[in-house]
Amino acid sequence: MANMAGGWQGFSMEDSRKRNIEMQENFKELSPAEVLVKLQRGNARFWTGCASRPEASAFERRAMIMQQFPSTAILGCSDSRVPVEVVFDQGLGDMFVVRVAGNSLDTSTTASLQYAVKHLSVKVLMVMGHEGCGAIKAAGLPIAQIEQEPQELANALKMLKRGLDEQRLKNVHDARAYDREAVITNVRRQVEGLCRDAAIMKKVQNEELIVVGCFYEISSGIVDFFMEVTEAPTAAAEPHLVMKGVHSGVQSRMEYHVDQTPKADCEGSEQGVIFKRQVSFTPPAQESAPVKPSEGDGIHMRYAMALA
């Protein structure tokens with residue numbers, strides 16, 4: 001009989017199979033909203049210095065050999081200061097992690113996230129940027145300076161640069177606010193890219209998946225869940241920003257129109273989502289005030305949204 005507490009005492013492959021089935025059943029019972037709360041609470045433990053730092057026993061690790069059941073997929077930055085499992089106080093098998101400089105979408109990162117959504121059935125899909133991102137800072141340099149870098153690096157920076165909306169960022173004069181707004185703009189662009197995928201949007205529509213954009217503040221340890229994706233109540237050619245999230249602890253939502261138009265008639269690249277070729281969000285009215293998190297959340301978070 002396996003001793004799960006000790007981790008080493010006489011477990012068999014049959015014990016591991018049974019445990020794997022239990023893990024699968026536990027995964028199926030989780031709703032996307034519950035997974036999101038789990039991430040928020042894990043981050044709260046981290047930045048308050050109360051992290052549980054979960055470790056799997058030998059028995060648990062053996063049970064994971066057969067199949068994985070991550071509840072979250074995340075596109076994060078490769079920066080050494082942003083280890084996502086640590087930031088969210090998660091353990092082995094909890095998160096499907098894709099890390100690349102500037103947390104940007106390309107063929108490899110997109111394919112990895114598509115795999116997580118389609119084959120692993122993750123409940124939360126997250127793009128997370130962070131304070132002081134070197135890739136975003138470098139992408140803001142003049143093209144002539146960027147082109148002095150090695151070819152692959154220069155190409156990656158120019159790809160990031162195209163989505164930064166530098167004309168709008170020129171209106172931000174405080175250095176720290178500029179850093180945050182540049183990173184958030186990039187996160188928003190990557191989320192928009194993911195939402196071109198009809199399969200992802202279909203899961204959002206069916207409430208099987210929550211897609212969120214986050215900003216990690218290295219100096220405090222706090223992750224700001226500043227945006228989530230929802231289906232637009234009415235047809236719209238462009239995504240629309242609403243300054244009130246659907247789920248607790250999320251500052252705003254980006255509404256997308258999910259359509260069943262045949263692919264040949266669809267303006268976007270994928271059936272089921274209508275997009276213009278150059279995607280941009282519609283900002284809220286200037287008088288729209290940010291919504292504070294519920295007092296009953298039990299989790300303190302800081303929110304900021306710089307409007308155009």
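Helices and strands here are DSSP runs, helices of at least four residues and strands of at least two, numbered from the N terminus. Keep in mind that this is a predicted model.

**Exercise 1. Place Asp79 in the fold and say whether it is buried or exposed.**

Step 1: look at what flanks the residue. Asp79 sits in the loop that runs between strand S1 (72-76) and helix H4 (84-87).

Step 2: check its accessibility. The relative accessible area of Asp79 is 14%, and buried means under 20%. So Asp79 is buried.

Step 3: see who it touches. Skip the neighbours within four places in sequence, and Asp79 is in contact with Arg99 and His130. There's also a polar contact between the side chains of Asp79 and Arg81, at 2.7 Å.

**Exercise 2. Find the residues that the "binding site" annotation covers, and work out how they are arranged in space.**

Step 1: go to the record. In UniProt, an unreviewed entry carries the annotation "binding site" for Cys77, Asp79, His130 and Cys133.

Step 2: set sequence against space. These residues are spread over 57 residues of sequence, yet they cluster in space, with a largest C-alpha distance of 9.0 Å.

Step 3: zoom in on one of them. His130 belongs to strand S3 (residues 124-130). With 0% relative accessibility, His130 counts as buried.

Step 4: list its partners. Leaving out neighbours within four places in sequence, the contacts of His130 include Cys77 and Asp79, two of the residues under the annotation. His130 is also in contact with Arg81, Val82, Val183, Phe215, Tyr216 and Ile218.

**Exercise 3. How many aromatic pairs does a search of the whole structure find, and which parts of the chain do Phe88 and Phe225 tie together?**

Step 1: count. The search of the whole structure turns up three aromatic pairs.

Step 2: take Phe88 and Phe225. Their rings are 6.2 Å apart, centre to centre, with 65 degrees between the planes. An angle over 60 counts as edge-to-face, and that's how this pair is described.

Step 3: locate both ends. Phe88 lies in the loop between H4 and strand S2 (95-99), while Phe225 is in strand S5 (residues 223-231), so the pair ties together parts 137 residues apart in sequence. Both Phe88 and Phe225 are buried.

Step 4: try another pair. Phe96 and Tyr115 form a tilted one, with 6.0 Å between centres and 45 degrees between the planes. Phe96 is in strand S2 and Tyr115 in helix H5 (residues 107-118), so this pair links parts that are 19 residues apart in sequence.

Step 5: compare the accessibilities. Phe96 counts as buried at 16%, whereas Tyr115, with a relative accessible area of 37%, is partly exposed.

**Exercise 4. How many disulfides are there, and are Cys195 and Cys214 buried or exposed?**

Step 1: recall the bond. A disulfide is a covalent bond that joins the sulfur atoms of two cysteines.

Step 2: search. Across the whole structure, zero disulfides are found.

Step 3: check the two cysteines. Cys195 has a relative accessible area of 0% and is buried. Cys214 is buried too, with 0%.

**Exercise 5. Step back and describe the whole chain.**

Step 1: the protein chain holds eleven helices and seven strands.

Step 2: of its 308 residues, 48% are buried. The chain exposes about 15200 Å², and carbon and sulfur atoms supply 52% of that.

Step 3: take the contacts between residues at least 6 apart in sequence; 68% of them join residues at least 24 apart.

Conventions
Residues numbered from 1 in each chain as written. Predicted model: local features only at pLDDT ≥ 70, side-chain atom pairs only at ≥ 80, totals over all residues. Heavy atoms only, no water. UniProt positions renumbered as here; feature names shortened; annotations may be inferred. Buried < 20%, exposed > 50% of the residue type's maximum accessible area, 1.4 Å probe, protein only. Contact = heavy atoms within 4.5 Å. Polar contact = N/O pair within 3.5 Å; in protein donor to acceptor, adjacent residues only side chain to side chain. Disulfide = S-S within 2.5 Å. Areas by Shrake-Rupley, 256 points an atom, 1.4 Å probe, with all protein chains shown as cover. Phe/Tyr/Trp six-rings, centres within 6.5 Å; stacked < 30°, edge-to-face > 60°.
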